[in-house]
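Here are a few short exercises to work through with the model open beside you. Take each task first, then follow the steps.

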Amino acid sequence: MFGQETEAAMDQARSTISKIFNGEPHSYTRFNLTQNMEGDNSQVEMKLSSDIEEEVGGNGVGENFNHNSNRKPYVAQNLRRTPKNLCFMASTTLLIFIIGYLIGYLVHRKKDLAPICEDSLPTFVRPIDLETGAAPLMDWDDVKNLLAQKIAAAKFEPVFSEFSSDNHRAGSGGDDVLAAKFFNKFKEYGMNTWTDEHFVKVQDPPASGSNRFVFKAGKDERPEGFLSYSANGTATGAILYAFYGEEIDFRLLRDKGINLTNRVMLVRAGRISFAEKVANAAKTGASAVLIYPDPAEYSIGESTALFGHVHMGSGDPYTPGFPSFNHTQFPPVQSSGLPEILAQTITAGMAANIRRQMGGLSEPEAWGGSYKLGEESDTIVVEVNNVLTEKRINNVFGVIKGFVDTDRYVVIGAQRDAWGPGFASSTVGTSVLVELARSISDMVKNDGFKPRRSIVFASWSAGEYGNVGATEWLEGYLSSLSMKAFTYINLDRVVSGQAGFKVAASPMLHSLIESTLKEVSAPNKAGTLFTRYASGGFESNVLEPLNFDNPAYPFTAFSGIPSLSFGFTSGTSDYSYFGTKLDTREKLNSATGNQVTQLAEIATRFAGHIVLRLVHDHLLRLDVMKYHNIIRTHVGQINSKMISVKRMQPQLLPKALTMQWLMSASGSYSRAARSLVEDIRNSNLDDIEMCRILNDRIMMVERNLLSPYVSPREKPYRHILLGSGSHTLKALSDHLEALRTDHPEVDGDLFHNQFALATWTVQGCANSLAGDIWSLDNEI
């Protein structure tokens, strides 16, 4: 509009000048109208060359300067101050004033007018779409309403039917069929689509023969279930009941004076992952672990088999730290998280038969008090014969490209493989992914929504073997992803009940999650998700730890990308059919009161709100202040324990070691975080480049909490607050506790080194958050 008005004014000005000049070359006037594409101001440059000003002495400079090669040289007699020339000068001055006033008025009017939504204007009066790098900002309420119009419970039934399969174990024909369906769906929605192929090594049960155990020379039991990545071989030893196999359970047994070495541990499923149970047992010197579903928590029948893995990590354990693109490029190596002892699942009926025959001490009352723990004569033989095989798997991707920061993206994904039907573990999540991709694509194509940043939709394979597909992708593109992917949203197991709603996430996402709960309606329109599930306390009722067996965990702890998982749950108890072949639509209907489609719809809205908020707003809704409180809490705990150690065991720590370093680093992070918040308040959020700089500083926080001093191959979860290993702040606190109790394996010098490296990791994160090198606040 503005460009057309000014162009009309210029045409009129040129016409007037032409008339005044009347074709005589007395002077020339040049107009240069330049519109600033980054702002609202326009500039008019006017240059006047008067014949009179060109006169020097009696000679005209026109003899040496040709404005037009076709024009004759000016002569001095044409340059006299005649009345005609004076009249011309006055007219030209007046014309300049009028044009300047007109341009100024139009610019001022453009600034004062309220923004007009282009979609509300007729086509013929819409402004020309000049590419300035900024996408027109749709009101957030309009975005929410658009999403609500696209999603409905009834639309999930055909998607459930299309993506349900009784056999889609990773690398199988059924898995490939589902991958092709995803690829075609993403293509149908108009996305850029691609696949990512990997060749991974996994353990499967023996093709011929079986895993087996014999208790007290009795029946030869051959369980159907298995645990991938178990050590192979035969173990013989006395069986010992160890409750859930947590560290505290083994500590209790040791305190009772029970020998744990070379024992075969019998533990219940639940509370912690299979891999953690086996790792804890291995620390005690056990020779094997048998895991069973206790009927008190698993109402799945006495003969239902359990499936899982015991890799204390994620991804292909035979290519730790690097992708499984081509094994010939890398030396033979294996993950430090692979167990060295046998592990096998057994049914509830097999476990009950063993427990009835065990002798020894009675189990603690807290464990039930009904059975014996086992004695040295309760001998059992366990044999595991799993087969290591290489499988080709494919991850499938589709992307909706952003209109401003195309190279910054949120990733949302779900696994599509399962041990059996896997309706709750994979089918619901993949269906939510498909519906979300369809809905947002439609908003972009047909409703004028223009996300500022890109959205990547991902269908992973080999999730049941330990998030293998997703982790291999992270390992393959780590350097790029850690700089450009700002959030990952996991859709696995989003519906497994209806009584509760749980979220596990990076602390940087907690504020966004809380606000989203207040916007999304609860089942049956009974208030919002917040009033239904979080009114008694958001942190206590909704949030749960982001544990290592969570599919979102490697994105944060390995790659430094803020991530989250969420889902409707059964309340206090878990959905019993995960990891079994009984995970069907009928079982999930029973667990949700036949509300599967309604809950899937709400889960899609919740994920959609978070995705759209992250690509809609000028600034990423990631709260950098959350880690300020977490770091301060860890530093406080370490300080208290260090004071205690120096008082009780002063000889174990170097005299020069003080808390000043770590406290200074913590203070630097706090000041840098507050400084960023202040910079945001004082910034012009319409400035595209400024927003990008601020967002990059926000994105660096999670990534810079990964310790640069440990190898991803040896310690893949390098996050000093959420990871695992000696580099974490929790490990520092635990090491101080061991020093305080004079544990025989403690090392004061090792602690000093770990302390220094952790301190500088915090300081490095603060430096990065501060921004420019001249803005650093380094007191160390």
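**Exercise 1.** In this predicted model, find which residues of α16 are exposed and which are buried.

*Solution.* Start with the outward side: Glu586 and Ser590 are exposed there. Next, turn to the other side of helix α16 (residues 585-592), where the buried residues are Leu588, Asn589 and Thr592. These three lie on the same side of α16 because they cover an arc of only 105° around the axis. Then look at what covers them: α9 (423-446) and α17 (596-616) are included. Finally, step past the end of α16 to Gly593, which has a positive phi, near 65°.

**Exercise 2.** Classify the ring pair Phe307 and Trp419, and place it in the chain.

*Solution.* The ring centres are 5.9 Å apart and the planes meet at 25°; planes under 30 degrees apart count as stacked, so this pair is stacked. Now locate the partners: Phe307 belongs to strand β12 (residues 307-309), while Trp419 sits in the loop between β16 (405-415) and α9, 112 residues apart. As for accessibility, Phe307 counts as buried at 5%, and Trp419 is buried with a relative accessible area of 5%.

**Exercise 3.** Do the same for Tyr553 and Tyr717.

*Solution.* With centres 4.8 Å apart and planes at 70°, the pair is edge-to-face. Tyr553 lies in helix α15 (residues 553-557) and Tyr717 in the loop between α20 (688-704) and α21 (729-740), so the pair ties together parts 164 residues apart in sequence. Both Tyr553 and Tyr717 are buried.

Note on methods. Residues are numbered from 1 along each chain as its sequence is written. This is a predicted model: local features need pLDDT of at least 70, side-chain atom pairs count only at pLDDT 80 or more; totals for chains, interfaces and linings use all residues. Side-chain values use heavy atoms; hydrogens and water are left out. Buried means under 20% relative accessible area, exposed over 50%, partly exposed in between (1.4 Å probe, protein chains only). Helices (H or I, at least four residues) and strands (E, at least two) are DSSP runs, numbered from the N terminus. The arc is that of the directions from the helix axis to the C-beta atoms. Contact means heavy atoms within 4.5 Å. Rings of Phe, Tyr and Trp (its six-membered ring) pair if their centres lie within 6.5 Å; planes under 30 degrees apart count as stacked, over 60 as edge-to-face and the rest as tilted.
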